[in-house]
Amino acid sequence: MQAYCLETEAVKTFALAKMQLATGAEAGVGPTDEVVLERHLAEAADIPDAMAPFMDWFEELGWHIELYEDAISLHRQFKNGKPRKSQDVMLLRSPDNTHRPWYTNSIQMPMASARKRLADAALIFLEQAQLCAPNPVPLPE
């Protein structure tokens with residue numbers, strides 16, 4: 001059977017003999033928080049749209065947020081409350097790279113990560129925002 005693969009965003013041939021019936025959250029019955037999160041990120045048109053639900057959480061984590069049309073960066077703050085100039089975590093879109101335009105980087109990552117889809121880069125960004133946070137708290141449900 002030929003079908004559209006959501007993971008690779010391509011039409012693929014699937015063997016019917018290897019398919020299994022999805023149940024529970026896999027079938028869309030009672031979606032998990034992870035499914036809701038991934039669906040929101042997949043439907044987001046740009047970085048501000050994707051990050052809108054997380055802005056309060058970023059502040060709760062202790063970040064200073066700089067949000068632009070094609071980028072978001074999270075910065076630690078000095079004791080006097082002023083933000084540092086260098087970012088600790090960032091997500092940006094590079095118009096020069098048409099194959100993998102979404103870049104994520106943090107102080108914990110040895111190299112920037114390039115992704116084809118905003119949703120994939122945003123998940124890495126959220127993970128790094130929590131990992132590097134001045135005041136780590138779990139992602140709200």
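Ser 94 sits in the loop that links strand 5 and strand 6 of this predicted model. Ser 94 counts as buried, because its relative accessibility is 15% and the cut-off for burial is under 20%. Beyond its neighbours up to four places away in sequence, Ser 94 touches Pro 101 and Tyr 103.

The two strands flanking this loop are paired. Strand 5 covers residues 89–93 and strand 6 covers residues 102–106. They run antiparallel and are joined by five bridges. In one of these pairings, Leu 92 has Tyr 103 of strand 6 as its bridge partner.

Both strands belong to an open sheet of five strands. The strand order is 3-4-5-6-7, and the pairing is antiparallel. Strand 3 (64–67) and strand 7 (113–115) form the edges. Each has a single partner strand, so one side of each lacks a neighbour in the sheet. From one strand to the next, the twist averages 15°. Helix 4 (residues 118–131) packs on the sheet. This helix touches strand 4 (71–75), strand 5, strand 6 and strand 7. The direction of helix 4 makes about 165° with that of strand 5.

A second loop, between strand 6 and strand 7, holds Ala 112. Ala 112 has a relative accessible area of 40%. That value lies between the limits of 20% and 50%, so Ala 112 is partly exposed. Leaving aside neighbours within four places in sequence, Ala 112 contacts Tyr 103, Thr 104 and Asn 105. Ala 112 and Met 90 are 22 residues apart in sequence. Their C-alpha atoms are 9.5 Å apart in space.

Definitions and conventions: Residues numbered from 1 in each chain as written. Predicted model: local features only at pLDDT ≥ 70, side-chain atom pairs only at ≥ 80, totals over all residues. Heavy atoms only, no water. Pairing = 2+ DSSP bridges. Helix = DSSP H or I, 4+ residues; strand = E, 2+ residues; numbered from the N terminus. Axes fitted to C-alpha atoms, helices over the stretch in contact; angles between N-to-C directions. Contact = heavy atoms within 4.5 Å. Buried < 20%, exposed > 50% of the residue type's maximum accessible area, 1.4 Å probe, protein only.
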